[in-house]
Amino acid sequence: MAKMPNSGIRATAPEGTYNRYFVSHRDGRRSFQALVLALTLWMSGLPLLGGTVLRVGYIIVIVVAVVIVVGRHRYPQTSRLMKIYAALCLAAGAQTLLQISLLGREFDLRVALSRSIEISAIFGFTIVVYYCLKRYGLRWAVAHAAVGMLVAAPLVSTRFSENPWKFGFAFPLTLIVMAIFAGRGKFVALTILSASFALGIINDYRSWSLVVVIAMLALAVSPRGEGPSGARVSIIQSRRLWGVLIASGVAAWLLLRLATSGMLGEYAQRRISASLIYAGDPVSGSRPEWSAAIELMRGQPFGYGTGIVPNGEELLTATSAMPVPDALKLQTNVASAMLEGRFEFHSALWNAWSSFGVIGAIIGLVSLFTLAGMGARIVRDSYGLPMVAVGMLLLICVAVIWDILFSPTHVQELGLALGVVGYFADMHKETVRRRSRRLSLSK
């Protein structure tokens, strides 16, 4: 095994692979620039005047991202992100103006400003994380981004005191521990993930437990070292990937059976039983917001626009579609948000559709499939990264896919994942070029 320069970590990959980007250089960590970037990531979720929506951390991230874009032109992913951001802003603006001018819809400037800053912060955080990954490495960037999530959790989560692990600590703490041991092997990675899974069960965080199980299954079949130097293997043809998908389905079924039998606690049993009674399946019952969003999309397929206020007819449509008892319909997240004058579906994908129209939904879907593709590639080729680092990447993929589908819009999580996607795309291209060159020289 070759020791990486200035890393203090033993790598499984031979010298000269893309693994050289994995660890930051010592002088870089001590530089003033590294300090500014670390503080930016730490403060990225800090609230503004005690609020939970508008955050001073978002403003800091946006400013630093602008500085990076203006001062660094050699990273192609940043320019692509800015083009996507511009297209999203134009589409959202056109959609909103159409709703106001032609349909006479009510407009809330406060909500529009909040959504605009939120989406700008996602793109800004993505650029900052991507820049940190390229300059200081995977361990450095992920660890500091996770610290920012950890700092923000008790300040912005309204339910943090009810269950700190569930409403704040699960994702960032697991990432921090994995970043600390990022150079170790598969046994250490599986041990860390097993501990996180156990904490999820103990703290009644069923969705997190399922996310961790899927990441563990993917890690268990991921190869050590580099993949084959020869012909490329199709993702669809990968036996490892199909094995992970089948095993994940079995794991989800087992967790469902344990919950319905009461072995995961009375609360979990009550929630699952209610979901099965009112919706017929645990997904629709646990996330009734999806039913509301689908019903609203039938009447407004192109979304609503940033800052458009829901009307009474839309409130009635949404609440009628949700598979929950009539007495609880107005207590759901969807109804509460609509009564406050905004759309909120407890899903980053549906939030993007409602605020930014078709373009927002397309970007959400592209992000979803890109993360899935990244995870699938890692399952069949670890690119020479240490196995704890591989597990960390897989956990980010699975957790943020879940967030896009079933969680509110989390700026830091989405920005981290999209920054990692850009970094991984560069890593994949360089690895393919290097292997092709090595193969041609061997002939």
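## Briefing: a helix-rich chain, from cysteines to salt bridges

With a relative accessible area of just 2%, Cys 397 falls in the buried class. Welcome to a predicted model, whose protein chain has 443 residues, 52% of them buried. Its secondary structure consists of 18 helices and two strands. Below is a short tour, grouped by topic.

**Confidence**

- The average pLDDT of the protein chain is 81, and 84% of the residues reach at least 70.
- Residues 1-29 deserve a note of their own, as pLDDT stays below 50 throughout this stretch. Even so, the model gives residues 1-29 a count of 71 contacts beyond near neighbours in sequence.

**Fold and surface**

- Taking the contacts in the protein chain with a separation of 6 or more, 74% join residues that are 24 or more positions apart.
- About 20200 Å² of the protein chain is accessible surface, and carbon and sulfur atoms contribute 65% of that area.

**Cysteines**

- Cys 132 is buried too, since its relative accessible area is 0% and the limit for burial is under 20%.
- Cys 397, the residue that opened this briefing, meets that limit as well, because its relative accessibility is 2%.
- As a reminder, a disulfide covalently bonds the sulfur atoms of two cysteines. The structure contains zero disulfides.

**A nonpolar patch**

- Six side chains to pick out on the surface are Phe 32, Leu 35, Val 36, Leu 39, Trp 42 and Met 43, which make a nonpolar patch of about 530 Å².
- Val 36 belongs to helix H2, which covers residues 32-42. At 32% relative accessibility, Val 36 is classed as partly exposed, because that value lies between the 20% and 50% cut-offs.

**Salt bridges**

- Searching the whole structure turns up eight salt bridges.
- Glu 118 pairs with Arg 115, with 3.2 Å between the closest N and O atoms. These two residues sit three positions apart in helix H5 (residues 109-136), so about one helical turn separates them. Both Glu 118 and Arg 115 are buried.
- The pair is also part of a network of salt bridges that links Arg 115, Glu 118 and Glu 344.
- Arg 298 and Glu 295 form another salt bridge, with the closest N and O atoms 3.0 Å apart. Here the helix is H13 (residues 289-299), and because the partners are three residues apart in it, about one helical turn lies between them. Arg 298 is exposed at 63% relative accessible area, while Glu 295 is partly exposed at 29%.
- Glu 162 bridges to Arg 159, and the closest N and O atoms are 3.1 Å apart. Glu 162 is exposed, with 54% relative accessible area, and Arg 159 is partly exposed, with 40%.

**A buried histidine in a loop**

- His 346 lies in the loop that runs between helix H15 (333-339) and helix H16 (348-380).
- Despite the loop setting, His 346 is buried, because its relative accessibility of 17% is under the 20% cut-off.
- Which residues does His 346 contact, leaving aside its neighbours within four places in sequence? They are Arg 287, Glu 289, Asn 333, Asn 351, Leu 405, Phe 406, Ser 407 and Pro 408.

Methods. Residues are numbered from 1 along each chain as its sequence is written. This is a predicted model: local features need pLDDT of at least 70, side-chain atom pairs count only at pLDDT 80 or more; totals for chains, interfaces and linings use all residues. Side-chain values use heavy atoms; hydrogens and water are left out. Helices (H or I, at least four residues) and strands (E, at least two) are DSSP runs, numbered from the N terminus. Buried means under 20% relative accessible area, exposed over 50%, partly exposed in between (1.4 Å probe, protein chains only). Contact means heavy atoms within 4.5 Å. A disulfide is a pair of cysteine sulfur atoms within 2.5 Å. Patches are made of residues with over 30% relative accessible area and no salt bridge: like charges are joined within 9 Å, nonpolar side chains (Val, Leu, Ile, Met, Phe, Trp, Tyr) within 5 Å. Accessible areas come from the Shrake-Rupley method with a 1.4 Å probe; for residues, only the protein chains shown count as cover. A salt bridge is a side-chain nitrogen of Lys or Arg within 4 Å of a carboxyl oxygen of Asp or Glu. pLDDT is the predictor's confidence in each residue, from 0 to 100.
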